[in-house]
Structure formats: C-alpha cells, structure tokens
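Colleague: Please take a close look at the interior of this model, residue by residue where that helps. I should like to know what is buried, what it touches, and how the surrounding elements contribute.

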Amino acid sequence: MAESDPRRLTPSVDSVLMSPRVAHRTPILGDRFVRHVVLEVLEVCRRGELEPNQVIDEVVSQLPSAPSGLKRVINATGILVHTNLGRAPLSQAAIDAVALASGTTDLELDLATGMRSSRGASALNALSRAVPSAEAVHVVNNGAAALTLVAACLARGREVVVACGELIEIGDSFRIKSMLEAAGVQIREVGAANRVHLRDYQEALNERTGFVLKVHPSNFSTTGFTKSVSTRELTTLGAPLVVDIGSGLLNPHPLLPNEPDATSTLGEGADVVLASGDKLLGGPQCGLIMGRRVLIDSLRRDPLARALRVGKMTLAALEATIDGPPPPVATALRLTQAEVLERAQALVNQLPHDIDSAVIDTVARIGGGGAPEVSLKSAAVRLPEPMAAPLRTERPIPVVGYLRRGHLLLDLVTVSRQDDELLLQSILGAHRQLSKT
Ligand SMILES: *Cc1c(COP(=O)(O)O)cnc(C)c1O
C-alpha cells in the first residue's frame, strides 16, 4: 500500500527546485515565484492527481516566459487600436527608447553644465516641432488626465459649457461628465442630444464660465437630424475654448478626412487641444495638451500636474514615436488590400490540407482610436471556428481573431509582417492540439 501512496512518492521541494530545467529559470523569474509554482504542483501530486515523474514537466509548463503576467499576443482582429489588447503597439524605435530610458538617464540633468534641466525637454520639443501651431505643450498620464488637469486648473469652482450630445462615455463606463465633476467643475449642458446651436452656447455664458469644451465623439457617429457647432464658430464666443480631439492625430490624415487633428484644430482658433497618445498617434499611453502658452504654463504649475505627470519611459516612447519611423498603427493604415491578400494567400498555402482554410476579403476598423465611420479593405485567413480557443492559448504565441458566420477569421492588417511565421506556427500548434482531442 505504502508503495503507491502518492504522498510518499511526491518529490521534495528542493529536488524539483534544483532540477536543471527549473533551476535555470529562477534567475529570470525569481526564487519566490518559482518556489510558489513548485509548491502548488507538488500539492496536486500529493492529492494523487499527477504522477510524480510528471512534476517537473508540469512545473516547467506553468512557468511563464517572463516575470510579468502580461503575455505577448498577435492581434488578428482587424481592429487597429484594440483596447483589450493594449491599444497602439509601439514601434521598434519606441521600444528601444523605453529600454534605454529604463536605466539611469539625464532626465532632469543638463550634462554640459551639470545643472538641473527641465524634465523631458526633448520629448516636449519633438511634440512642439510636430505641432508648430501650439505655443506650448504638456504631457500627462492619459487623455482623461489631460481633461482632468485642464478642467481643474482652468475652471475649478466654475462652469464648463459643453453640448450635452458631446458628454460621451469613453469606455469601461467612464464618462466625460463624471470626470469633469470629479475635477470640481460645474457642467453647463447646452443643446439637445442631437442638435446644438451657437446661440445655445451664447445664452449659457456668464461670469462663472471657466471655458467652453468641445469633445469629438470619437467612438460613435451620428446621422440624421443632427447639428454641432464647429471649432471656428465657437471661437467667436470670447471664452477660452478647449477641444478634446480624442484620437491624437497631430496633422491631417488623407485616409481619415473626418478625424480632427491638433494642428488644424489649433489653426481654427482653439486655445487648448487635448488628445491621447496611444490611439491614432500610435505611441505610449499618455495625454497630450497643446495650445496657448499662458494656459499651458498655468497647468504645469498646478499641484495636480505632479500627480498626473508621466514617467521617463513614456516620455522616451513618445519622442521616438513622433520623431522616429512610423509606428505600426500608421503603417497598417497605409497597407493596400493587395499586400494583405498576398500574405494571407502565402499563409494558407503553407497550411496542411486537412485544415479547412481560405483567404477572404474583410473590412478592418480603426477601433478604440477613433474614426468609427472609416472602414479599411483588408484580408483574412479563414479557419474552422473550433480553432479559436486553442489559438488563444497555444504556443509559440496566443493569437486573437474574430468569429464570423461559423468561421474564425484572422485579419492580417493588424499583424506585423515579421510575425507571419509565428502566426503560422501557432495555427499549426492549435491544429495539432485539436487533432489530439
Ligand atoms: C479616448 C478619449 C478620451 C480618454 O483618453 P484616455 O487616453 O483613454 O484616457 C477622452 N476623450 C475622447 C474624445 C477620447 O476619444
């Protein structure tokens, strides 16, 4: 009896920790974490649910490749800026800049004089050069932080005039309205849900007005009996005008004619423009604030500015995104359907015949980044629907596509060309997994 008692046959913690395949992972993952995984697996073994000679295999399979819970994923959804997949992927130049910034750097030191310098000056200069119509710029943690800082600093205890049709929900139940309230301003809603006129704004202005806010409805579009007031018209009101353009285009984009950009919006007379860094700009999560020097200077001095400021790695990634080669979001926008079709065909040609696969035309979307009305002609590899689940978990890399009419589609416009081989390996892995069961 004792011979088959799983508790007696379970290997010791130390013997598992010292086995070479486990031991060589501890310098990367940390002693404490590896020990924790080993203890859990040994517990399963003790309960008799795992053979003692499988303990090491099981531990190795449970150890992640990096000491972070995040897993690299291939985005094959055809949604360029996918909120659940971390929005914009960084360019290689931005990734390199982050790695460099992660060490000790001259973030606030002028190496020539040995004196303290202004934080992140080169990133701010890059943004200024990209948006010359901005007298000054500032960067905070995200778009929401930009709005919060501007509201708190320019309208604390006073009123913000905004069209009620522009009081949008930006995602995950966060609303512009609650953010403004949390910043300690009073909201003066004007107009109806579908229409607002310049006179609505005029009637709402008074001595308690802090500023007029215009928000770009970046995640939906309205049609029918609708009317909003343009930036240019709003500048005639005489109150400071803040425009939240959302998506972070710095200059007009030929493929996105309806998407507002910072340069044009400032050119139309906005005093301050706000945007996110990780949507159409294709950079790191951050909030860009661009506009009149007096206003931006007062934001910088506000006590909240310190709470909302960005880290050195964000500044580095932003600078490399603006000055460096185009980031993946920008590259994907410019791909032709023919290029994507060709890659999809090449992938399908390499699949074994027992996988029911085909190349099909698709329509890709910008996603959380804006331009909800824009559709991009793209192409996908069509696979059987049951492959969706193993593809999300199979090695070498999880792949996320989407289901359409009983099939799994992997749209290649959002997959970097360098990842085509990895994608192929993952499809083959998922196929093997399914064939086993
Ligand atoms: C996305 C968005 C925000 C919020 O920006 P985050 O960077 O997600 O905080 C605010 N306003 C508009 C119009 C947006 O599109």
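Modeller: C45 is a suitable starting point: it counts as buried because its relative accessible area is 0%, where buried means under 20%, exposed over 50% and partly exposed in between, with a 1.4 Å probe and protein chains only. The model is predicted, so local features need pLDDT of at least 70 and side-chain atom pairs count only at pLDDT 80 or more, while totals for chains, interfaces and linings use all residues. Residues are numbered from 1 along each chain as its sequence is written, and side-chain values rest on heavy atoms, with hydrogens and water left out.

No disulfide (a pair of cysteine sulfur atoms within 2.5 Å) turns up in a search of the whole structure. C153, for instance, takes part in none, and the nearest cysteine sulfur to it, that of C286, is 19 Å away.

C45 is also one of the residues touched by T10. Leaving aside neighbours within four places in sequence, T10 is in contact (heavy atoms within 4.5 Å) with L42, C45 and R46. T10 sits in the loop between α1 (6-9) and α2 (13-18); here helices (H or I, at least four residues) and strands (E, at least two) are DSSP runs, numbered from the N terminus. With a relative accessible area of 11%, T10 is buried too.

The wider setting is as follows. The protein has 20 helices and 18 strands, and its C-alpha atoms fill a box of roughly 90 × 55 × 45 Å along the principal axes. Of the 437 residues, 45% are buried. Among contacts between residues at least 6 apart in sequence, 73% join residues at least 24 apart. About 22000 Å² is exposed, with carbon and sulfur atoms supplying 53% of it; accessible areas come from the Shrake-Rupley method with a 1.4 Å probe, and for residues only the protein chains shown count as cover.

The interior holds a largest nonpolar core of 40 residues, in which I366, L383, L410, L423 and I427 have the most contacts. A nonpolar core is a set of buried Ala, Val, Leu, Ile, Met, Phe, Trp, Tyr and Cys residues joined through side-chain atoms within 4.5 Å. Elements that each supply at least two residues of this core include the strands β2 (79-81), β14 (358-367), β15 (375-384) and β18 (407-411), together with the helices α17 (328-334), α18 (337-349), α19 (388-393) and α20 (420-436). The greatest contribution comes from α20, with five residues. I427 illustrates the packing: not counting residues up to four places away in sequence, I427 touches L347, L351, I355, L383, M387, L391 and L410. Apart from this core lies another, of 38 residues, with V137, A275, V310 and I322 among them.

One residue that touches A275 is L288. L288 belongs to strand β13 (residues 287-291) and is buried, at 0% relative accessibility. Beyond residues up to four places away in sequence, the partners of L288 are L127, H138, V139, A146, L250, V273, L274, A275, S276, L281 and L318. The C-alpha atom of L288 is 7.6 Å from that of N142, although 146 residues separate the two along the chain.

G210, in strand β10 (residues 209-215), is likewise buried, at 6% relative accessibility. Leaving aside neighbours within four places in sequence, the contacts of G210 are L154, A155, R158, E159 and P240. From G210 to D302, 92 residues away along the chain, the C-alpha separation is 16 Å.

Several loop residues provide a contrast. T222, in the loop between β10 and α12 (231-234), is exposed, with a relative accessible area of 51%. The C-alpha atoms of T222 and T236 are 25 Å apart, with the two positions 14 residues apart along the chain. R405 lies in the loop between β17 (402-404) and β18 and is exposed at 78%; phi of R405 is near 45 degrees, a positive value in a residue other than glycine. R87, in the loop between β2 and α7 (92-101), also has a positive phi, near 55 degrees, but is partly exposed, with a relative accessible area of 25%.
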